[in-house]
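Reader: I should like a close look at the part of this model where the sheet, the helices packed on it and the nonpolar core come together. Please treat it as one connected account.

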Amino acid sequence: MKIRVFESEHDAGLYAAALAERIVQDTEHPVLGLATGRTVLPFYEALVRLEHCGLDLSRCITINLDEYIGLEADHPQSYHRFMHEHLFHHVHIPESQIHIPNGTALNLDVECARYDEVLNRHPIDFQLLGIGVNGHVGFNEPNDLLQSKTHVVNLTPETITHNAKFFPDMDQVPKSAITMGVQAILQAKQIVLMAFGEEKADIVARAIHGEVRTDIPASILQLHRDVTIVLDEASARKL
Ligand code: GLP
């Protein structure tokens with residue numbers, strides 16, 4: 001694993017976006033695995049700026065990690081909305097090349113299988129990840145086992161509580177999500193995980209230097225040959 005620590009989130013975003021830029025320039029049809037969350041915002045800001053400076057994103061295929069179950073695409077907290085607000089509205093990636101799980105599909109098993117077909121057709125070149133305070137990646141939550149394929153997951157009480165601040169009341173906080181499994185993540189050619197702030201310091205240290213354990217899903221990244229961990233000083237404090 002390569003670990004890079006930056007003075008500012010802005011600089012960290014520039015670095016991560018530069019890694020994506022290299023893949024986009026060197027690949028005919030680059031497949032970008034994308035993540036949501038506050039942490040990855042500096043990455044998207046930098047990527048948008050790179051496009052405005054001439055980087056051609058129009059050949060990219062994007063595949064998002066996850067989506068809440070039950071939120072319509074235009075819900076303010078949906079990951080569809082997040083991605084359009086922070087990336088897709090600002091760059092020229094054709095809608096047909098954008099993939100996000102449909103959390104309102106009538107048959108979620110069929111939706112999971114459809115998503116795995118998308119992943120089979122488009123192996124990921126560059127996978128962006130954040131990390132939950134409990135070590136989840138995408139919504140692969142700590143558990144006795146990790147699922148390899150796209151699946152429906154019951155969010156842990158910790159994740160639900162953490163998300164509650166984004167919703168007007170507890171009843172509206174999604175209790176489940178659809179997420180890519182760990183297989184598609186680990187099959188990505190290159191993985192970049194970003195984490196910022198004091199609250200991530202402990203889990204970052206355990207994920208990078210601790211045992212590989214299913215109750216710390218991000219620790220499985222230790223098994224991958226090309227992972228870059230992009231941190232600020234606060235999140236790197238316990239390394
Ligand atoms: C959610 C997403 C994860 C993300 C995590 C961290 O749980 N499903 O993909 O890594 O949030 O979010 P933040 O960057 O806001 O701390």
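**The core and the sheet**

Author: Leaving aside residues up to four places away in sequence, F43 is in contact with G13, A16, A17, L128 and M194. The model is a predicted one, and the description that follows rests on it. F43 belongs to the largest nonpolar core, which has 66 residues; together with I131, L193 and M194, F43 touches the most other members of that core. In soluble globular proteins, nonpolar side chains tend to be buried together.

The sheet may be taken next. Seven strands make up an open sheet with parallel pairing, and their order is β1-β10-β9-β6-β2-β3-β5. At its edges stand β1 (2-6) and β5, each of which pairs on one side only. Five bridges link β1 to β10 in the parallel sense; within this pairing, I3 has I229 of β10 as its bridge partner.

Two helices can be described through their buried residues. In α3, which spans residues 79-88, these are Y79, H80, F82, M83, L87 and F88. They lie on the same side of α3, because the arc they cover around the axis is only 160°. Among the elements that cover them are the strands β2 (31-34), β3 (61-64), β4 (66-68) and β5 (98-99), as well as the helix α2 (41-52).

Helix α7, residues 201-209, has A201, I203, V204, A207 and I208 buried. Here the arc around the axis is only 165°, so these residues too are on the same side of their helix, α7. Their cover includes β9 (190-195) and β10 (227-232). An α-helix has 3.6 residues a turn, so residues three or four places apart point the same way.

A further set of strands pairs in the antiparallel sense. β4 is joined to β8 (residues 176-179) by three antiparallel bridges, and D66 has T179 in β8 as its bridge partner. β8 also runs antiparallel to β7 (residues 151-154), with four bridges between them; in this pair V152 is opposite I178 of β8.

D66 leads on to the ligand, since D66 is one of the residues that surround it, as the definition of the shell by distance within 6 Å requires. The other members of the shell are A35, T36, G37, R38, T39, L65, G130, I131, G132, G138 and F139. By class, four residues of the shell are nonpolar, six are polar and two are charged. I131 thus appears in the shell around the ligand and also among the core residues that touch the most other members.

How values were computed. Residues are numbered from 1 along each chain as its sequence is written. This is a predicted model: local features need pLDDT of at least 70, side-chain atom pairs count only at pLDDT 80 or more; totals for chains, interfaces and linings use all residues. A nonpolar core is a set of buried Ala, Val, Leu, Ile, Met, Phe, Trp, Tyr and Cys residues joined through C-beta atoms within 7 Å. A residue is buried if 20 or more other C-beta atoms lie within 10 Å of its own, exposed if 12 or fewer, and partly exposed in between; C-beta atoms are placed from the backbone. Two residues are in contact if their C-beta atoms, placed from the backbone, lie within 7 Å. Ala, Val, Leu, Ile, Met, Phe, Trp, Tyr, Cys and Pro count as nonpolar, Asp, Glu, Lys and Arg as charged, and the others, Gly among them, as polar. The arc is that of the directions from the helix axis to the C-beta atoms. Two strands pair if DSSP finds at least two bridges between them.
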